[in-house]
Each structure stands twice: as structure tokens, then as C-alpha cells.
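Visitor: Please take me through a close look at one part of this model, the cysteines and how they pair. I would also welcome a little of the setting around them.

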Amino acid sequence: MSNHKPLSTLYTVAAVAASLVVLGCASMDTAQSLDAMTRQMVQASFRDQGIAKVDRLQQDESNAACSAADVSGIALTEAKAQSIEAANLKTVQWPADGKFVGDWKEGEKIAQNGRGMTWTDKPGSANGGNCYNCHQISREEISFGTLGPSLYNYGKLRGITDPNSAEARAIVEYTWGKIWNAKAYNACSGMPRFGHAGILGEAQVRDLVGLLVDPKSPVNR
């Protein structure tokens, strides 16, 4: 019987050996260099097309800190979380005309609309909020996500009978700010920063606030 092994076996052994060498090198590498390699791979895997640009892959300081905490399994310190929230609160753009509450009917259209920001969309075209993807909002809509809390009866549960009253001012302002930049109130919120990121404009945010706080909205009936 011959002592020579089949070529296929030799190839397999060589492949395994090569893999072990690579794994050995990787295990000795630093976390920073592995992060750099990952970033390079991601950058090489995407390209600009239409309005979708590669710069979307760049995280700001807030997102980077939350991503690092998620990967490490170590939560942000209270001081760091408060710092992120304070920095993001400064970015909230309040309505130029002081009007926080818009047309809830338009807000419902925005909440139902998931279009926008893809390479097939035209520059300057209006985006949707896709709110039902994560939240229950109106009772009539039976298709909704549960990643975020239910927003049904949002205004009613908070005692809003007149969203333009002084009594409702604090919660109405909070609602605007939360939609504009959720990280202003929860450092590592997974909610899109609609206004901050330029996903929605001021008029759209106003209409979404109306959807949530107007007593005539299906949300509060």
C-alpha cells in the first residue's frame, strides 16, 4: 500500500493550516487594527449610487459611542449618556414660527410612508417616516412593528385636551424634540433622528406631532 496521500487530502490539510495561521495572526492583532480592517472591508463593499452615498457609513460621535458599548457589552456610564443627550439636545431645531402642532391627516400619511433615501429616489423628494414599521399608532392599522412602544392614545394618556394650551406645552415640545433627535432624550435610542439627519423637514415633523397629540387624531380616539 502506498504511503502517499491523495492530492485532495494534501490540499485540505494545507487549507486548514493556512486558516490556522490566519486565525493565529488575527488573535494576536489589536482590536484597533481589526476595527480598521473591518472599516476598510465595509468601505470597499459599497459605492455611491444616486442620492445614496458612502458617507452614510460614517458614524458621528454619539452613534460610535453607542456601537462600541453594544459590541463590548458594557453600558455607557451615566455621565457619558448624559453628555450625549445634552449634545444632541443642542441640535434640535424648534419650529421657526413657534407652531408645534400640524395636520394629523398629513401626519398619518407620513407615518404610513416608508419611501425615501434610496438610490432610485430623486434628489429633494420628500421622505416618509415609516413610523408603523416600529410602532402601533392608530387602532385602525393592523400591520405595525413592535420594536418601539405603542403610541396609541399617546396624547390621551398624557391628558392633552388642547395641544396648544400652556398645560400641554411641555409634552408637545418633548414630542417634537423626540422626533427631531431621539438621542436628545435617550443616548442610545434606536429611533431614527428624523430632523437631525435630514430625513424629515420641519413641516413633516409638525404634522407627526399633530398625529400624536391632536385629540381629533385616530391615535387619541
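**A close look at the cysteines**

Guide: Happy to. The mean pLDDT of the protein is 88, and 87% of its residues reach 70 or more; pLDDT is the predictor's confidence in each residue, from 0 to 100. Residues 1-23 have a pLDDT below 50, and beyond near neighbours in sequence this stretch has 1 contact in the model, a contact being heavy atoms within 4.5 Å. Where pLDDT is low, the predicted coordinates should not be read in detail.

A word on conventions: this is a predicted model, in which local features need pLDDT of at least 70 and side-chain atom pairs count only at pLDDT 80 or more, while totals for chains, interfaces and linings use all residues. Residues are numbered from 1 along each chain as its sequence is written, and side-chain values use heavy atoms, with hydrogens and water left out.

Now the setting. The protein has 8 helices and 0 strands; helices (H or I, at least four residues) and strands (E, at least two) are DSSP runs, numbered from the N terminus. Of the contacts with a separation of 6 or more, 59% join residues 24 or more positions apart. Buried residues make up 34% of the 221 residues, where buried means under 20% relative accessible area, exposed over 50%, and partly exposed in between (1.4 Å probe, protein chains only).

So to the cysteines themselves. How many disulfides does a search of the whole structure find? It finds 1, taking a disulfide as a pair of cysteine sulfur atoms within 2.5 Å. The partners are C66 and C188, with their sulfur atoms 2.0 Å apart. The link of C66 and C188 is left-handed, with -90° about the S-S bond. C66 sits in helix α3, and C188 in the loop between α7 (169-180) and α8 (202-213), so the bond ties together parts that are 122 residues apart in sequence. The two ends of the link can be told apart by their cover: C66 counts as buried, at 11% relative accessibility, whereas C188 is partly exposed at 36%.

C131 is in no disulfide, and the nearest cysteine sulfur, that of C134, is 8.7 Å away. C131 is buried, with a relative accessible area of 15%. C134 is in no disulfide either, its nearest cysteine sulfur being that of C131, 8.7 Å away. Just before C131 in the numbering comes N130, in the loop between α5 and α6. N130 has a phi near 55°, a positive value in a residue other than glycine, and counts as partly exposed at 34% relative accessibility. M117 lies in the loop between α5 (104-112) and α6 (154-157); its phi, near 70°, is positive too.

The helix that carries C66 has one further role in the picture: α3 (61-72) is included in what covers the buried residues of α4. Those buried residues are A81, I84 and N88. Seen down the axis of α4, they fall within an arc of 65°, so they line one face of the helix; the arc is that of the directions from the helix axis to the C-beta atoms. On the other side of α4, E78 and A79 are exposed.
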